[in-house]
Amino acid sequence: MTKPQPSHSSIAPPPELLDALSSARKPLIIAHLSPDGDAIGSLTALGYLLYRMGKDPILACQDKAPPAFNFLPFYDRILQDTQGIQPDLVISVDSSDPTRMGSVYDEARFGDLPLIVIDHHITNVYFGDLNWVEPMCCATDEMIYYLTRALQEPLDETLATALLTGIVTDTRGFRTYNVTPAVMHITGELIDAGAPLSIITERVLDNRSLALITLWARALDTVELDQGVISAINTLAMRRDLGGVIRAEGLVSFLLSAQEAKIAAVFTEMPAGKVECSFRARRGYDVSHIALSLGGGGHPPAAGCTVEGEIHTVRSQVVAMLKQALQPES
Ligand code: 5GP
Ligand code: MN
C-alpha cells in the first residue's frame, strides 16, 4: 500500500463530510441510473474504501452495471433493489439531481437519513444535506481520490483500479480539457499503486460488442449535419434484433470527430414515447445549459436529458436549440 502524495491540487472534502463518514456504520452508496465507468468506479471505490475502514457499506444502482466493469471491487454486490435494507447514511455519487438515483433511493424510507452528495457536474442542484460538488474535477473518482487522501487512507491496487476507471472513462482516455497536471500526477500514483492503465483503457473504452457496432452502422445511416450540429437517431426498430443493446454507446463522441461539427447529438427512442438525448461539444461550446433547460444535466462538453415526444420531432426541435449554442462562449 502506498500513501496518497500531496499533488498539484488542494481540493479537499469539507470536514463535516469526513465526520459523517467516520461515524456511519452502514452507509448506502448510490450511483446514477444508466451507469458509466465513473458512476460504477466511484461507487465501488467509495464502497471498498469504507469497507476497508471497518464499515458495512451497501452499494446500489437502479440499472445493472455493464459486465465490462466486473473487475471492480464489490461488482457482484451492487444491489438493484434496496427493499429491506436499513442504512444509517445515504451517499449519492456522480448524480447531479435526485432523479438520477432512480428507484434505489426510496424517499419514504431514506428521506429522514442524512444524504451526502459527492459530484462533479456543473449542473448539480445541491439536493443533499451535505453537498460536495467540484465542477473542476474531471471525474467523481478524482474526488474520491481527494477523499482518500483527506482520510489519510493508503492506496492499494483494488482502490487505485476503481479510481482510475472513472478518470479514464470520464476523460475518454485523458482527452478532455479538465485533465490537469494534478490529474496526471494522481494517475501516476494510481499506476504506482498497481492500477493497470492499459487494461482499464481497453476494458472501458475499446470494448464493443458486434451488436453495438451494428447499431452504430444503422444509426450512422441517419447522420445529418445542420450548420455545426451533427446528429443521428437510434430507433426501437433499429435495435429490435440486437439482443438487448439499447444505447449506441460512444457514437456521439465519434460524431463529434467530424471536422465540420462543433456539437454532436444522438437521439435514442425509448418505449412509452420517451427520447434520450446525448450531447457533446467541442472546446469553447457549452451543451450543459441546453440539457439542463430540458430537465437533464451534465458538463459543458458532455450532457444529456430525456424528453417526451416523437423521435423525428424531438430531433428537429432539439437540433434547433443546439444551433443556438453555436455562438462560442466569450
Ligand atoms: P451521456 O451522453 O454519456 O449519457 O451523458 C453525458 C453527461 O450528461 C454525463 O455526465 C451524464 O451524467 C449527463 N446526463 C446524461 N443524461 C442525463 C440526464 O437525463 N439527466 C442529468 N442530470 N444528466 C444527464
Ligand atoms: Mn462522472
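**Buried polar residues and the domain interface**

In this predicted model, H32 is buried, with a relative accessible area of 3%. The residue lies in the loop between β1 (27–31) and α2 (37–52). Its side chain makes a polar contact with the side chain of D94, at a distance of 3.0 Å. When residues up to four places away in sequence are not counted, the residues touched by H32 are A39, C61, V93, D94, S95 and R100. The list thus includes the partner in the polar contact, D94, together with V93 and S95.

The partner residue, D94, is found in the loop between β3 (89–93) and α3 (107–110). D94 counts as buried because its relative accessibility is 2%, and buried means under 20%. The same cut-off explains why H32, at 3%, is assigned to the buried class. The backbone of D94 also deserves mention: its phi is positive, at about 70 degrees, although D94 is not a glycine.

A positive phi is found at Q227 as well, with a value of about 50 degrees, and this residue is likewise not a glycine. Q227 is placed in the loop between β6 (224–226) and β7 (229–234). Its relative accessible area is 56%, so Q227 is exposed, whereas D94 is buried.

A further buried position is S9, which lies in the segment before α1 (15–23). S9 counts as buried because its relative accessibility is 14%, under the 20% cut-off. A polar atom of the S9 side chain lies 3.1 Å from the backbone nitrogen of I11. Beyond its neighbours within four places in sequence, S9 is in contact with Y146, R149 and A182.

At the level of the whole chain, the domain assignment gives domain 1, covering residues 8–205, and domain 2, covering residues 210–326. Taken over C-alpha atoms, the centres of the two domains are separated by 26 Å. Contact between them involves six residues of domain 1 and eight residues of domain 2. The area buried between domain 1 and domain 2 is about 740 Å², and carbon and sulfur atoms give 62% of this area. On the side of domain 1, I122, T123 and Y177 supply 52% of the area that this domain buries against domain 2, which is more than any other three residues.

With regard to polar interactions across the interface, two residue pairs are in polar contact between domain 1 and domain 2, both at pLDDT 80 or more. The residues on the side of domain 1 that touches domain 2 divide into two nonpolar, three polar and one charged. The count of salt bridges between the domains is zero.

Y177, one of the three leading contributors of domain 1 to the buried area, is also among the residues touched by P301. P301 is situated in the loop between β10 (297–299) and β11 (302–308). Apart from residues up to four places away in sequence, P301 touches F279, R280, A281 and V287 in addition to Y177. The C-alpha atom of P301 is separated by 18 Å from that of A248, a residue 53 positions away along the chain.

How values were computed:
Residues are numbered from 1 along each chain as its sequence is written. Chains are lettered from A and ligands numbered from 1 in the order in which they are written. Side-chain values use heavy atoms; hydrogens and water are left out. Domain bounds come from an automatic or database domain assignment. Contact means heavy atoms within 4.5 Å. Buried area is the accessible area (1.4 Å probe) that two parts lose on being put together, summed over both. A salt bridge is a side-chain nitrogen of Lys or Arg within 4 Å of a carboxyl oxygen of Asp or Glu. A polar contact is a pair of N or O atoms within 3.5 Å; within protein, one must be able to donate a hydrogen and the other to accept it, and residues adjacent in sequence count only if both atoms are side-chain atoms. Ala, Val, Leu, Ile, Met, Phe, Trp, Tyr, Cys and Pro count as nonpolar, Asp, Glu, Lys and Arg as charged, and the others, Gly among them, as polar. Helices (H or I, at least four residues) and strands (E, at least two) are DSSP runs, numbered from the N terminus. Buried means under 20% relative accessible area, exposed over 50%, partly exposed in between (1.4 Å probe, protein chains only).
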